[in-house]
Amino acid sequence: MSEKQMLQFVRVDKQMPEKRGAGERKEDFHEIYKDFIEAKAEEQASRCSQCGVPFCQVHCPLHNNIPDWLRLTAEGRLEEAYEVSSATNNMPEICGRICPQDRLCEGNCVIEKGFESVTIGSVEKYITDTAWEKGWIKPVTPRVEREESVGIIGAGPAGMAAAEQLRRKGYQVTIYDRYDRAGGLMIYGIPGFKLEKDIVMRRYQHLVDSKVSFELGFEVGKDATLDELREKHDAILIATGVYKARDLGGPGSGLANIFPAMTYLTASNRKGLGDAVPDFEDGTLDADGKNVVVIGGGDTAMDCVRTAVRQGAKSVKCLYRRDRQNMPGSVREVDNAEEEGVEFKWLSAPDGFLGDNTVTHVRAQQMRLAAPDATGRQKPEPIKNAVETIEADIVIKALGFDPEDLPTLFDCPDLQTTRWGTIRVDHRTMMSNLDGVFAAGDIVRGASLVVWAVKDGRDAAEAIHSYVQAKAKAPEKVAAA
Ligand code: FAD
Ligand code: SF4
Ligand code: SF4
């Protein structure tokens, strides 16, 4: 296809894959977008103007070669498009589904003023879904097997991406995870209507088939100390994510039926996976028929409100202390939630919880935004005597996450952390202050995104390889493959 046959943005409008109607999608936990058909993916890819300086690529954390795989898709050369797309990303079909594209690649697509961006994420998903379907994705078989081993703590996207990259280089890799399934927040945090679980399980199986060993239900700090694992492996990667929920005090905050977001989402995800979940089955964590109030304005809050809708809640309200323009969550997710019947209470902050033993109401203080401070952000401040009382049978706190105290948890007081509790690494080598102990993903950045975890996992794999090679100094120890 010539360049002339690209640049179709002047003729073809932007079109996302069809979204299921709100009435239908509220009834289940399946993804809300239908698949692109081949012709539509080709047509949408052909809208790309093949920019000389592709800002989409610059703003993709993985610097994916977007213009090339769009052109190959438009030309119907999907297997080559898959090769290009998978060269920089270990889970393109997952990023294509859940990256906040409006803030990353698509938000920086500069076709031309007046024309909407290329649907980059949907095409990326389409390419790799097709690759799975057609059997183009094969287990990793390294050219040579190395005898050195790497232990990875955490089977989230950072740990999984690092494991695949290290296997490509021939390392023996073991991933330890305290959960019973691999995937980290992609399994127990993010709900199925954004990312169906079999998509994540397929990536896990791919690693198993590539001879990555998994020790699930293995909690470092309980089942082994960090030092014990360091004895066992040539290098260690800590990719444990951040899980300590930020809390909310105030009158009544100790009442029953006020839950942290992850407690609520994990129960719902486990239920969907077919696990026995007593707290859900006895109704405690099931929103069916209840008035639900979610506190927070990020993507975790959006996942909670939309989960409550699907569980059959009587009403779902979201309280956020700033306004719509200043919320951290993605615009697309707020739109989806509103379509599904969620009511947003902007400029509202909880001021207390009412009830005898169990919460019955939330007292919501009305706020206004003050003049911007030195950082340029408008601080919310309460409006005198403006308080509303909202009915609530369940309250979910989605206020963000901090790291757990890893030096104590891992029985390793020498492990250095930052003042935020994240692991301190040398950003050139990704190594902590402990020799041969590396770190990646949310435990280094703080709560972030899957695409950044993948990027960090890949970088950590490179850094570990350089470290092991430098240590060996002598010719590589190569065992018979
Ligand atoms: P995690 O995914 O958290 O994985 C860490 C793993 O380490 C876990 O499996 C955990 O069990 C394991 N672990 C922890 N401690 C130990 C221990 N002591 N021993 C053994 N194992 C341990 N990002 C997006 O890009 N798009 C989204 O739409 C999106 N939605 C989100 C929705 C929710 C509700 C949440 C909470 C997050 C969302 N994110 C989203 C963020 C994204 O999920 C994370 O940034 C990403 O998963 C971080 O990857 P990670 O590998 O660093 O950590
Ligand atoms: Fe866009 Fe995310 Fe894909 Fe990068 S990985 S191209 S940011 S959807
Ligand atoms: Fe194509 Fe948009 Fe990227 Fe330009 S910025 S190369 S038009 S996708």
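Contact here means heavy atoms within 4.5 Å. With that in hand, we can walk through this predicted model.

**The chain as a whole**

Let's start wide. The chain carries 18 helices and 17 strands. Its C-alpha atoms fill a box of roughly 75 × 60 × 50 Å along the principal axes. A compact globule of 481 residues would have a radius of gyration near 23 Å, and the chain comes out at 24 Å, so the two agree. Buried residues account for 54% of the 481 residues. If you take the contacts with a separation of 6 or more, 70% of them link residues 24 or more positions apart.

**Two residues between α1 and α2**

The loop between α1 and α2 (38-45) holds F36. F36 counts as buried because its relative accessibility is 7%, under the 20% cut-off. What is F36 in contact with, leaving aside its neighbours within four places in sequence? The partners are Q15, M16, P17, A41, Q44, T119, S122, V123 and Y126. As for I127, its C-alpha is 9.9 Å from that of F36, with the two positions 91 residues apart in sequence.

E31 sits in that loop between α1 and α2 too. This glutamate is buried, at 11% relative accessible area. Its side chain has a polar partner: a contact of 2.9 Å joins E31 and R97. Not counting residues up to four places away in sequence, E31 touches R20, R97, K125, G192, F193, K194, L195, E196 and I199.

**Another buried glutamate, and a methionine**

E148 is placed in the loop between β1 (145-146) and β2 (149-153). Is E148 buried or exposed? E148 is buried, because a relative accessible area of 3% falls under the 20% cut-off. The side chain of E148 makes a polar contact with the side chain of R146, at 3.1 Å.

M186 belongs to helix α9 (residues 185-188). With a relative accessible area of 1%, M186 is buried. Beyond residues up to four places away in sequence, M186 touches M91, I94, P157, M160, L195, K197, V200 and V450. G352 is a long way off by comparison with those contacts: M186 and G352 are 32 Å apart, C-alpha to C-alpha, and 166 residues apart in sequence.

**Helix α15 and its buried side**

Helix α15 covers residues 331-339, and its buried residues are E333, V334, N336 and A337. They span an arc of only 160° around the axis, so they lie on the same side of α15. Which elements do the buried residues of α15 pack against? They pack against α1 (22-25), α14 (299-310) and β10 (343-345). Just after α15 comes G341, with a positive phi of about 105°.

**The ligands**

Around ligand 1 there are 34 residues, and the closest are I98, D177, K194, Y243 and D442. Backbone atoms come up against oxygen atoms of ligand 1 in several places, as listed here.

| Residue (backbone polar atom) | Distance to an oxygen atom of ligand 1 |
|---|---|
| A158 | 3.0 Å |
| D442 | 2.9 Å |
| L449 | 3.3 Å |

D442 therefore turns up twice, being among the closest residues to ligand 1 and also a backbone partner at 2.9 Å. Ligand 2 has 13 residues around it, of which C60, N64, C99, C105 and E124 come nearest. By class, that shell has nine nonpolar, three polar and one charged residues.

How does the shell around ligand 3 divide by class? There are 11 nonpolar residues, one polar and no charged. The residues that surround ligand 3 are C48, S49, C51, P54, C56, P67, L70, C109, V110, I111, V118 and I120.

Methods. Residues are numbered from 1 along each chain as its sequence is written. Chains are lettered from A and ligands numbered from 1 in the order in which they are written. This is a predicted model: local features need pLDDT of at least 70, side-chain atom pairs count only at pLDDT 80 or more; totals for chains, interfaces and linings use all residues. Side-chain values use heavy atoms; hydrogens and water are left out. A residue is near a molecule or strand if one of its heavy atoms lies within 4 Å of it. Ala, Val, Leu, Ile, Met, Phe, Trp, Tyr, Cys and Pro count as nonpolar, Asp, Glu, Lys and Arg as charged, and the others, Gly among them, as polar. Helices (H or I, at least four residues) and strands (E, at least two) are DSSP runs, numbered from the N terminus. Buried means under 20% relative accessible area, exposed over 50%, partly exposed in between (1.4 Å probe, protein chains only). A polar contact is a pair of N or O atoms within 3.5 Å; within protein, one must be able to donate a hydrogen and the other to accept it, and residues adjacent in sequence count only if both atoms are side-chain atoms. The arc is that of the directions from the helix axis to the C-beta atoms. The radius of gyration is taken over C-alpha atoms; the globule rule is 2.2 Å times the number of residues to the power 0.38.
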